[in-house]
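Work through the following exercises with the sequence and the 3D structure open beside the text. Each task is followed by a solution that goes step by step.

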Amino acid sequence: MRKRDHNVLTNAASLLICGLLAGVVVAAAAFPAVAMSGLAAKAGAETFGALPKELKVARAPQISYLLASDGKTPLATMYDENRRDVKLKDIAPVMQKAIVAAEDHDFYKHNGVDLNGIARAFVNNQSNASSQQGASTLTMQYVRLAIAYSASHPADVVAATEDTSARKLREMRYAIQIDKELSKDEILERYLNIAAFGNGAYGIYAASQVYFNKPPSKLKIDEAAMLAGMVKAPSTNDPTTKSGYTAAVARRDYVIENMVKTGAITRQEADAAKAVKLKVTGKRAPNGCVSTNEKGWGFFCDYFYRWWMQQETFGSTTYDRERRLKSGGYTVVTTLDPQAQRGADKAVRKAKPEKSKEAAMVAVVEPGTGRVRALAVNRNFKLDDPKKPANKPHSEPKQRKRGKLGNYPNTVNPLLTGGDGITGYQAGSTFKIFTIVAALEKGIPLGYTINAPQTFKSEYIVEQGSPAACPGTNKYCPTNSGKKAGGVQNMWSAFAQSINTYFVPLQQQVGAENVVDVAKRLGIQFRVSKENTWANNKDFAHDWGAFTLGVTDTTPLELANAYATLAADGRYCEPIPVQEIKDPEGKKLDIANPRCEKRVSTEVARAAVDAARCPVGDNSSTSKCGGSRTAAEVKQAVDAPVAGKSGTTDSEKSAALVAMTKQYAVAGILADPDWPQTNVKMKHKQKDGINPPVYETLKAAMKGKDRKNFEPPGKKISEGDQRRIPDVKCLDPQQAKSRIEAEGFDAVISDIKVTSSCPAGKAAGTSPDGRTIKGGVVTIQISSGGGAAPGTAPGNGGPPTNPGRPPGRPGG
């Protein structure tokens with residue numbers, strides 16, 4: 001758009017004179033002997049007229065800012081060049097005047113090319129002066145920088161900066177054109193935003209922050225003069241170095257004197273400005289995830305970076321995507337919740353110090369959006385310095401013997417989110433939730449009872465002679481923690497106590513392939529190649545007997561999001577680290593929106609959550625949890641309606657806990673990432689176990705938040721088809737068993753006798769009595785004689801008050 005009219009004859013004359021003088025000036029600087037031969041002038045005029053008139057200007061690289069979810073708290077900055085464009089109105093007038101005084105006194109008088117300056121340069125360069133002059137105006141300098149930043153090939157960058165007559169001619173031609181199209185203020189604004197000021201500062205906004213820790217609108221005369229003096233030679237005039245400090249002061253004072261000459265300031269103001277001792281109060285802008293605003297936020301930042309690099313919206317290649325991030329000038333409001341993140345950082349380091357080889361890892365996800373609110377681990381997100389390594393010896397014996405160092409306390413591995421060789425960790429019995437969902441989807445209610453033995457001989461085939469096989473067979477035979485029988489259990493009580501010999505037969509009944517399918521729908525990735533093959537082949541998955549016990553690798557983030565899906569009534573949301581992205585013009589990008597879909601029915605999800613309230617010490621009006629809970633302390637610690645599950649693997653090589661409210665799902669895993677087959681036993685409830693970091697993180701996240709209750713499930717999915725249990729009192733036990741089985745129940749004769757009015761050895765009654773679920777387990781109690789009828793459990797399908805077998809110990 002045309003900003004000012006120029007006299008046609010004046011412009012034509014300028015073009016002609018520039019063409020003639022440009023060749024002469026450049027030749028005089030390079031080849032004085034031929035400068036006046038006429039050859040240079042003729043060549044300059046001819047070349048000048050042939051140059052294109054239009055300059056295509058690309059936006060110079062801009063710094064991108066990452067903020068926490070509040071839109072205010074800084075998280076990190078990403079840049080190739082530390083630059084943030086600002087409007088001229090946001091730049092102090094003294095800064096505007098200082099750059100004119102330093103670089104182009106006649107900026108407001110000429111039309112992009114200073115003819116007088118060209119003449120002066122010619123005379124100077126012919127006089128054998130100590131320094132050569134090039135007569136570049138601010139507009140010409142802007143053209144040079146703009147061409148370089150718009151170059152699509154390295155050779156174009158060289159051409160934009162090489163000392164040749166062709167370059168000079170091109171700058172003049174474009175400068176005259178730009179001066180016609182833009183106002184002087186627009187040219188000045190563009191120049192101040194593109195110029196380099198040293199120490200990684202590009203543009204006046206970055207420069208004022210790096211050197212004086214203030215916005216450019218707040219610059220004083222002495223500060224503005226120092227910055228204006230740097231653009232000519234940023235390295236030479238660098239005030240942060242011993243040699244450059246003196247030069248910077250001298251150059252500053254030179255600019256101040258020029259400001260007096262141009263009438264920008266008075267002599268009194270100049271003397272006062274020169275009397276100010278130059279002091280650099282800012283510093284280089286931090287760059288990347290190793291330089292986050294707070295120490296523990298690097299792993300979240302890295303998760304964001306990896307997410308960005310996967311988004312095709314930002315380019316077809318990873319190179320293009322990284323350039324967009326580091327040069328695009330985006331303002332990214334991430335999902336990091338400072339309150340939750342700080343709570344998680346504190347909790348994991350309280351449980352395990354940074355120099356511990358065990359990693360206490362915690363991830364926080366918001367149900368219903370997939371927004372990742374926190375990622376914390378007792379590690380420093382940084383590369384270990386190979387010259388001065390701080391990392392400790394590798395925990396794996398063979399690696400340690402070879403002198404290899406471990407990845408603690410310093411690492412940039414994605415421990416919490418997976419990738420780059422990190423496949424995850426076994427999460428134990430937390431996976432039983434997938435069996436519950438699969439069973440509910442098959443129409444099996446929460447009240448479904450199974451008589452859980454000490455050891456269950458399954459139909460799953462394993463290697464004969466393996467520790468998991470029944471002696472002398474190739475059948476998978478899981479046991480409970482402590483190798484005790486579980487007795488008659490329903491889903492609530494079995495989940496509360498983590499009864500392995502309830503969940504393996506339940507999985508066998510619904511089909512392991514369906515349990516695996518639930519895990520996939522809820523976001524488990526199966527990064528181990530062999531496990532991925534099993535998960536994606538129904539025949540293999542069907543035979544995966546131990547799957548319900550959590551023998552496949554997962555990450556804290558996957559696990560938190562899987563449970564968050566159930567807390568959101570079955571609405572799965574892809575984990576996402578951003579909630580708003582704006583480009584430099586303030587336009588919002590749709591890519592930050594949650595990506596959600598329904599993957600589990602509302603009724604099934606609510607029923608699964610109802611069962612999950614039991615392990616962590618909570619229950620609803622419909623829950624029938626029984627007495628024992630594996631992580632009962634969670635409810636009291638968080639002081640809110642909670643659900644979740646603990647998990648432990650064989651030999652306690654890892655420990656896991658999930659705890660969630662309606663607003664946050666927190667998953668923690670304690671493991672050794674360097675040596676998964678560690679000989680260290682991972683703990684749960686102890687202060688250095690995984691439970692405290694999880695519930696303390698959830699407690700911190702919930703501070704000041706509403707206490708929202710989970711919706712209880714309907715009666716049908718909870719209790720199923722209730723049927724009357726026949727009266728077998730005082731019958732022969734086998735006769736009682738036949739009668740109960742004839743009504744469609746699974747009858748079990750107890751081996752523990754109870755006081756009863758019936759003759760000794762006869763059936764004293766049943767547990768439960770009255771009514772229970774169709775197909776459920778009914779225990780026949782045996783009379784010892786000599787007394788009143790035995791106490792029985794309510795006819796609600798729940799665990800009996802005297803089930804005839806000792807309760808199983810928690811299985812994790």
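**Exercise 1.** Determine how many residues of strand E2 are buried, and describe how E1 and E2 are joined.

*Solution.* Strand E2 covers residues 74–78, and 4 of its 5 residues are buried, where buried means under 20% relative accessible area, exposed over 50% and partly exposed in between, with a 1.4 Å probe and protein chains only. Helices (H or I, at least four residues) and strands (E, at least two) are DSSP runs, numbered from the N terminus. The model is predicted, so local features need pLDDT of at least 70 and side-chain atom pairs count only at pLDDT 80 or more, while totals for chains, interfaces and linings use all residues. Residues are numbered from 1 along each chain as its sequence is written, and side-chain values use heavy atoms, with hydrogens and water left out.

Next, take the partner strand: E1 (residues 64–67) runs antiparallel to E2 and is joined to it by 4 bridges, two strands being counted as paired if DSSP finds at least two bridges between them. One of these bridges sets Ser-64 against Met-78 in E2. Finally, E1 and E2 form a hairpin with 6 residues between them, and Gly-71 in the turn has a positive phi of about 75°.

**Exercise 2.** Establish the strand order of the open sheet of 5 strands, and find which strands stand at the edges.

*Solution.* Strands of a sheet pair through backbone hydrogen bonds, either parallel or antiparallel. Here the order is E7-E6-E19-E18-E17, with antiparallel pairing. Strand E7 (372–377) and strand E17 (643–648) each have a single partner strand, so one side of each is left without a neighbour in the sheet. Neighbouring strands of this sheet are turned by 5° against each other on average, direction ignored. Within the sheet, E18 (residues 655–660) and E19 (residues 665–671) pair in the antiparallel sense over 6 bridges, and Ala-659 stands opposite Val-666 in E19.

**Exercise 3.** Describe how helix H17 packs against H19 and against H24.

*Solution.* Two packed helices are described by the angle between their axes and the distance between the axes. Axes are lines fitted to C-alpha atoms, for helices over the stretch in contact, and angles run from 0 to 180 degrees between N-to-C directions.

For the first pair, H17 (residues 432–441) and H19 (residues 500–510) pack at an angle of about 45°, with their axes 10 Å apart. The two helices are therefore oblique to each other, given that angles under 35 degrees count as roughly parallel, over 145 as roughly antiparallel, 65 to 115 as roughly perpendicular and the rest as oblique. The contact, meaning heavy atoms within 4.5 Å, includes Ile-436 in H17 and Phe-503 in H19. Its residues divide into 6 nonpolar, 3 polar and 1 charged, where Ala, Val, Leu, Ile, Met, Phe, Trp, Tyr, Cys and Pro count as nonpolar, Asp, Glu, Lys and Arg as charged, and the others, Gly among them, as polar.

For the second pair, the axes of H17 and H24 (residues 602–612) come within 9 Å and cross at roughly 140°, which makes H17 oblique to H24. On the H17 side the contact includes Ile-433, Ile-436 and Leu-440, and on the H24 side Val-604 and Ala-608 are among the residues involved. By class, this contact of H17 with H24 has 9 nonpolar, no polar and 1 charged residues.

**Exercise 4.** Locate Asn-407 and state which residues it touches, then characterise the peptide bond from Tyr-408 to Pro-409.

*Solution.* Asn-407 is found in the loop between helix H16 (397–401) and strand E9 (410–411), and with a relative accessible area of 29% Asn-407 is partly exposed. Not counting residues up to four places away in sequence, Asn-407 touches Arg-379, Asn-391, Asn-413 and Asp-674. Pro-409 also lies between H16 and E9, and the peptide bond from Tyr-408 to Pro-409 is cis, with omega near 5°.

**Exercise 5.** Decide whether Ser-498 is buried or exposed, and do likewise for Asp-639.

*Solution.* Most residues other than glycine have a negative phi, and most peptide bonds are trans. Ser-498 has a positive phi near 60°, and at 0% relative accessibility Ser-498 counts as buried. Asp-639 has a positive phi near 55°, whereas its relative accessible area of 55% makes Asp-639 exposed.
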